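Please open the structure in your viewer and keep the sequence panel beside it. The stops below say what to select next and what is to be found there.

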Amino acid sequence: MVNTDLLVVGGGPAGLAAADTAASLGIDVLLVDEGRAVGGQLVKQTHKFFGSGEHYAGVRGIDIPKLLNREENSQRVRILTDTTVVGCYEDGVVSALTGEDNYFKIKAKRAIFATGATEKFLSFPGNDLPGVYGAGAVQTLMNQFGVIPGKRVLMVGAGNIGIIVSYQLLQAGVPVAAVVEAAPTIGGYLVHASKLARAGVPILTRHTILEARGKDAVESAVIAQLDDNWQVVPGTEEEVDVDVVCLAVGLSPVVDLLRQLGCEMKYVPELGGHVPIRDKNLKTATGWIYVAGDVAGVEEASAAMVEGRLAGAAAAAELGADKQEADTVISRCLASLDALRGGPVGEKIRSGIAKLEGGAVNA
Amino acid sequence: MVRFKFEGRELEGREGDTIAAALHANGIKVLSHSRRHHRPRGFFCAIGQCSSCLMEVNGEPNVRVCIVPLEEGMDVKLQPATGGELKW
């Protein structure tokens with residue numbers, strides 16, 4: 001049995017920020033991550049971040065993990081990579097597997113689950129063909145391994161991910177036939193969408209994919225226009241010559257472990273699906289588990305890092321850290337989250353979080 | 001370069017590639033087949049979540065090739081959906 005004050009599950013932006021903050025407040029942390037290295041999905045985010053300095057604006061995603069994994073905290077943060085949490089039990093024991101055969105138990109006074117999110121799928125004939133990829137998979141292939149996904153791509157979804165990955169495909173020399181978006185408007189930042197438009201890539205709003213065709217892999221895709229009721233307009237079907245269909249239709253929180261623990265969930269579409277109910281400091285009703293990042297509701301990496309710091313500080317306060325110091329971090333994080341979720345861009349997230357408040361616990 | 005085998009064919013990948021990335025770079029997109037209809041499957045998520053890329057590596061079935069690093073001399077094979085011997 002490994003004993004620790006604070007266990008952090010997941011070493012992406014939220015988990016790393018949580019560990020960094022708790023360690024800065026004097027708490028010993030054990031961070032486990034299933035990957036070969038920490039960083040989560042930052043490893044493929046070669047683009048520069050937006051926002052203010054506090055949110056790493058101007059820094060490329062791939063460079064953020066080392067900023068969050070600081071030398072000065074290395075005595076307090078123990079990191080286990082290639083380690084997957086496989087079980088959570090009622091008595092607060094968590095079991096984990098390092099590599100293929102090192103299975104062990106962890107007992108933590110507090111835990112922060114920062115397990116992230118996974119790509120959503122879309123239902124259409126041929127969606128199981130090789131060549132139909134999640135947008136994240138295309139980013140992994142291109143940005144992490146330098147392998148292009150194919151010769152010509154149909155992008156499904158014009159949110160930030162769909163738009164940014166389309167642009168990265170162009171930069172890698174892979175033509176994008178079109179971006180189709182079922183909604184009437186482009187969801188991603190217009191500055192990125194404009195880059196695509198200038199490069200001659202059509203962004204077709206109110207359009208969807210009907211089918212992927214091919215024998216052993218995608219050889220073409222059929223797209224069509226949608227009416228105001230999201231129904232296909234007959235006669236608008238068009239076959240596009242592509243060997244890759246890239247789905248950028250959103251993410252859903254990876255809540256399996258929290259479910260196993262009996263953590264109460266609520267279905268909130270604005271946050272990506274089923275999300276754990278928690279208080280404003282991200283503590284769940286289990287009494288010892290916090291959540292942070294996409295698992296708490298899908299947002300951008302900037303918000304995930306602030307949530308990590310918030311949960312890290314709140315957990316640290318309960319574990320005996322200086323209350324005043326912790327409270328300072330907590331209020332700064334709450335203000336920062338308000339700022340990130342401000343304005344029209346944050347409207348969806350704000351309404352999602354408002355829905356959670358009905359069932360929120362007050363710890 | 002890292003040399004490895006896929007279905008008996010000698011292929012090359014790059015240091016630091018995952019098995020799936022190396023196969024893709026060699027033009028191999030079909031990594032598995034569905035259980036009932038034997039439809040071809042490739043990887044979908046590339047981060048070890050979707051289970052669509054399970055292959056036999058060095059005799060061991062059900063390896064998520066999208067997250068396992070390529071190593072010199074690896075023997076990579078297609079497997080039936082349940083693992084074990086290919087029966088079709």
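Two strands are taken to pair if DSSP finds at least two bridges between them, and strands (E, at least two residues) and helices (H or I, at least four residues) are DSSP runs numbered from the N terminus. This is a predicted model, in which local features need pLDDT of at least 70 and side-chain atom pairs count only at pLDDT 80 or more, while totals for chains, interfaces and linings use all residues. Residues are numbered from 1 along each chain as its sequence is written, chains are lettered from A in the order in which they are written, and side-chain values use heavy atoms, with hydrogens and water left out.

Begin with A:Y133, whose bridge partner in β15(A) is A:C246. Widen the selection to β8(A) and to β15(A), residues 244–247, and you have two parallel strands joined by three bridges. They belong to an open, parallel sheet of five strands in chain A, ordered β8-β15-β9-β10-β11, whose edge strands, each pairing on one side only, are β8 (132–134) and β11 (203–205).

Next select helix α3 of chain A, residues 135–144, which lies across β8 and β15 and runs at about 90° to β8(A); such angles run from 0 to 180 degrees between N-to-C directions, the axes being lines fitted to C-alpha atoms, for helices over the stretch in contact.

Move on to helix α4 of chain A, residues 160–171, which lies across β9, β10, β11 and β15 at about 165° to β9(A). Its buried residues (under 20% relative accessible area, 1.4 Å probe, protein chains only) include A:I163, A:I164, A:V165 and A:L169, and the buried residues of α4(A) pack against α3, β9, β10, α5, β11 and β15 of chain A. After α4(A) comes A:G173, with a positive phi near 85°.

Now show both chains, where 32 residues of chain A are in contact (heavy atoms within 4.5 Å) with 22 residues of chain B. The buried area, meaning the accessible area (1.4 Å probe) that two parts lose on being put together, summed over both, is about 2100 Å² between chain A and chain B, with 55% of it from carbon and sulfur atoms. Select A:D128, A:P130 and A:F145, which supply 27% of the area that chain A buries against chain B, more than any other three residues. A:D128 also forms a salt bridge (a side-chain nitrogen of Lys or Arg within 4 Å of a carboxyl oxygen of Asp or Glu) with B:R41, the closest N and O atoms being 3.0 Å apart.

Conventions
Buried < 20%, exposed > 50% of the residue type's maximum accessible area, 1.4 Å probe, protein only.
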